[in-house]
Amino acid sequence: MRIYGNRQLKTLPGQITRPTPARVREAVFNIWQGSVENCRWLDICAGSGSMGAEALCRGAALVVGIDKWAKACSIIRQNWQQMAQAQQEFRVLQGDVVRRLKTLAPQQFDHIYFDPPYASDLYQPVLDAIAQYQILDSHGELAVEHSSNYWQPQPIPNLEICRQKVYGNTALTFYCPLV
């Protein structure tokens, strides 16, 4: 898999993770262009870490990734070590996503990218945890990658849907804090 600047990433063999399609990655970074440099980025269900790697390549100050699988976390670390510059910080957290979110509070992030397995039951618990622990900065934005066949956007306390995009079988729902 290649990302910004034609950089090569390692990926896990098989179907353990589903990388975000290049078209969707490009769309997210086009939408958030101008706000990634020096931002705090959270990549939930990070898989191979492609979204966090893109954020590092585009100048994010801090990138934190969470994934359940130890093998995925190892690949993410390797990928991010290759992308990070000396002034950039990154952390990879392995384990249950909702529990890991709780440990991040009171830290906040400018951009959160959440990409669980499409058929998982993680959507509502993770989104509720983001709202409950106030992990999204008051000027930040949260993007949820999903398939309309498996999950429909739901109301989240203190967050509102600010835009929705569809790219083939992949949908993105963006949440912003209520002001």
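**Note on the predicted model: helix α3, the sheet and the overall fold**

1. The exposed residues K71 and Q81 lie on the face of α3 that is turned away from the buried side of this helix. The model under discussion is a predicted one.

2. The buried residues of α3 are A72, C73, I75, I76, N79, W80 and M83. Around the helix axis these residues cover an arc of only 160°, and they are therefore placed on the same side of α3. With buried meaning under 20% relative accessible area and exposed over 50%, the helix thus presents a buried side, with W80 among its residues, and a face turned away from that side, where K71 and Q81 are exposed.

3. Helix α3 comprises residues 70–83. From the first C-alpha to the last, its 14 residues reach 20 Å, close to the 20 Å expected at 1.5 Å a residue. The helix lies across β3, β4 (62–67) and β5, and runs at about 175° to β5.

4. The sheet is open and has 7 strands, in the order β5-β4-β3-β6-β7-β9-β8, with mixed pairing. Its edges are formed by β5 (89–94) and β8 (159–167); each has a single partner strand, so one side of each is left without a neighbour in the sheet. On average, and with direction ignored, neighbouring strands of this sheet are turned by 15° against each other.

5. At the β8 edge, the partner is β9 (residues 170–177): the two strands run antiparallel and are joined by 8 bridges. Within this pair, E160 stands opposite C176 in β9.

6. Helix α1 (residues 22–31) also packs on the sheet, where it touches β3 (40–44), β6 (109–114), β7 (136–146), β8 and β9. The direction of α1 makes about 140° with that of β8. Strand β3 is touched by α1, and α3 lies across β3 as well.

7. In total, the chain contains 5 helices and 9 strands. Read from the N terminus on, the elements follow the order β-β-α-β-α-β-α-β-α-β-α-β-β-β. The radius of gyration is 15 Å, close to the 16 Å that the globule rule gives for 179 residues, so the chain is as compact as a globular protein of that length.

8. The C-alpha trace spans about 35 × 35 × 30 Å along the principal axes of the chain. Of the 179 residues, 51% are buried. Among contacts with a separation of 6 or more, 64% are accounted for by residues 24 or more positions apart.

How values were computed
Residues are numbered from 1 along each chain as its sequence is written. This is a predicted model: local features need pLDDT of at least 70, side-chain atom pairs count only at pLDDT 80 or more; totals for chains, interfaces and linings use all residues. Side-chain values use heavy atoms; hydrogens and water are left out. Two strands pair if DSSP finds at least two bridges between them. Helices (H or I, at least four residues) and strands (E, at least two) are DSSP runs, numbered from the N terminus. Axes are lines fitted to C-alpha atoms, for helices over the stretch in contact, and angles run from 0 to 180 degrees between N-to-C directions. Contact means heavy atoms within 4.5 Å. The expected span of a helix is 1.5 Å times one less than its number of residues. Buried means under 20% relative accessible area, exposed over 50%, partly exposed in between (1.4 Å probe, protein chains only). The arc is that of the directions from the helix axis to the C-beta atoms. The radius of gyration is taken over C-alpha atoms; the globule rule is 2.2 Å times the number of residues to the power 0.38.
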